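Me: Please take a close look at a single helix of this chain and tell me how it sits among its surroundings. A second helix may be brought in afterwards.

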Amino acid sequence: MISTAKSCRPTKRHTGAAAVALAATAALLAGCSSGDTSENPLDGEKADAGTVVVGSNNFAESTLLADIYGEALRAKGLKVTYKHNIGSRETTYGLMKNGSVTVLPEYNGSLLAYLDADAEQTSADAVNEAAKAKLDKQLTLLESSPAEDKDSVSVNAATAKKYGLTAESTLADLKDIAPELAIGGSPEFQTRQQGLKGLEAVYGLKFKTFKALDAGGPLTQAALAQNEVQAADVFTTDPTIVKEKFVVLKDPENLFGFANVTPLVRKDGLSKEGVEALNAVSAKLDTKTLLDLDAQVQLEKKDPLDVAKAWLRSAGLA
């Protein structure tokens with residue numbers, strides 16, 4: 001059974017409007033089925049004894065992560081079934097509580113915001129501990145991965161080249177450049193703390209103009225690619241980053257919060273070997289890797305189960 005000891009790893013994802021927007025955007029990219037699926041993922045039946053049921057929310061990255069978790073568990077000899085594309089967090093959390101799902105890929109910051117909308121997110125470790133304290137007593141979080149899927153300010157390739165910005169550049173590096181740049185994002189990005197307001201307060205950034213687009217979706221992606229804006233709010237594992245060679249600027253002050261991919265599990269549903277297998281996945285999975293895997297599924301149209309298996313082999317986890 002799972003120990004309730006504190007996680008020792010540092011630790012996802014969007015809070016408030018950003019979380020809703022991302023789920024809606026990502027859901028459009030979903031639809032790839034993989035692994036073994038239940039006939040009715042919402043039937044509410046408890047998992048058979050000895051079987052680990054791995055669930056996913058209804059967007060492509062969650063399906064991929066579920067396949068990674070499930071195949072890592074299978075590699076340790078555990079019996080695994082899948083319930084893919086279940087729906088939103090409201091549904092999946094309920095199925096975790098009633099025992100229909102054993103393991104679910106989560107994002108620590110978003111989960112905490114769901115459990116406690118007023119919770120402050122001062123550090124990754126604090127987010128995990130606060131979320132654990134708010135979880136149903138039958139549930140817990142395992143170790144978080146460094147991989148995050150959250151808001152970012154990204155610049156297009158031409159802008160990066162013009163100003164010498166690289167993957168090692170931070171938002172602070174835009175301070176002298178921002179007055180020359182148009183930035184795009186959802187309408188609320190203009191007024192929220194995790195947006196222009198915070199960018200100015202935390203990093204001293206004052207952009208030339210703001211263009212209201214969508215929440216990291218196709219309008220934002222197209223505007224940035226076509227240089228209608230030179231910077232934009234793009235989610236950090238959006239495959240468009242790879243396709244268009246956008247440069248994601250680092251956020252050392254954590255303005256955009258914490259969004260680490262983290263396994264949510266039932267305490268009574270996973271053996272010690274299973275816990276160790278998922279913690280090993282977290283230790284190997286970073287944002288760059290997750291971005292590459294998402295691109296394989298969403299741009300190259302590979303089956304997420306095949307992508308999951310290939311990565312686990314390459315990481316020595318299968």
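Reply: The expected span of a helix is 1.5 Å times one less than its number of residues. Helix H10, residues 272-284, has 13 residues, and the distance from its first C-alpha to its last is 19 Å, close to the expected 18 Å. The model is predicted, and these values are computed from it.

H10 belongs to a chain with 12 helices and 10 strands. Of the 318 residues of the chain, 55% count as buried. The chain exposes about 13,500 Å², and carbon and sulfur atoms supply 50% of that area.

Within H10, the buried residues are Gly274, Val275, Ala277, Leu278, Asn279, Val281 and Ser282. These buried residues pack against two helices, H2 (60-74) and H12 (304-314), and against two strands, S3 (103-107) and S10 (261-266).

Helix H8, residues 218-225, can be read in a similar way. Its buried residues are Thr220, Gln221, Ala223 and Leu224. Viewed down the axis of H8, they fall within an arc of 165°, so they line one face of the helix. Pro218 and Leu219 are exposed on the other side of H8. The cover over the buried residues of H8 includes strands S5 (153-155), S6 (182-185) and S8 (231-233), along with helix H9 (240-244). Just after H8, Asn227 has a positive phi of about 65°.

Terms used. Residues numbered from 1 in each chain as written. Predicted model: local features only at pLDDT ≥ 70, side-chain atom pairs only at ≥ 80, totals over all residues. Heavy atoms only, no water. Helix = DSSP H or I, 4+ residues; strand = E, 2+ residues; numbered from the N terminus. Buried < 20%, exposed > 50% of the residue type's maximum accessible area, 1.4 Å probe, protein only. Areas by Shrake-Rupley, 256 points an atom, 1.4 Å probe, with all protein chains shown as cover. Contact = heavy atoms within 4.5 Å. Arc of directions from axis to C-beta.
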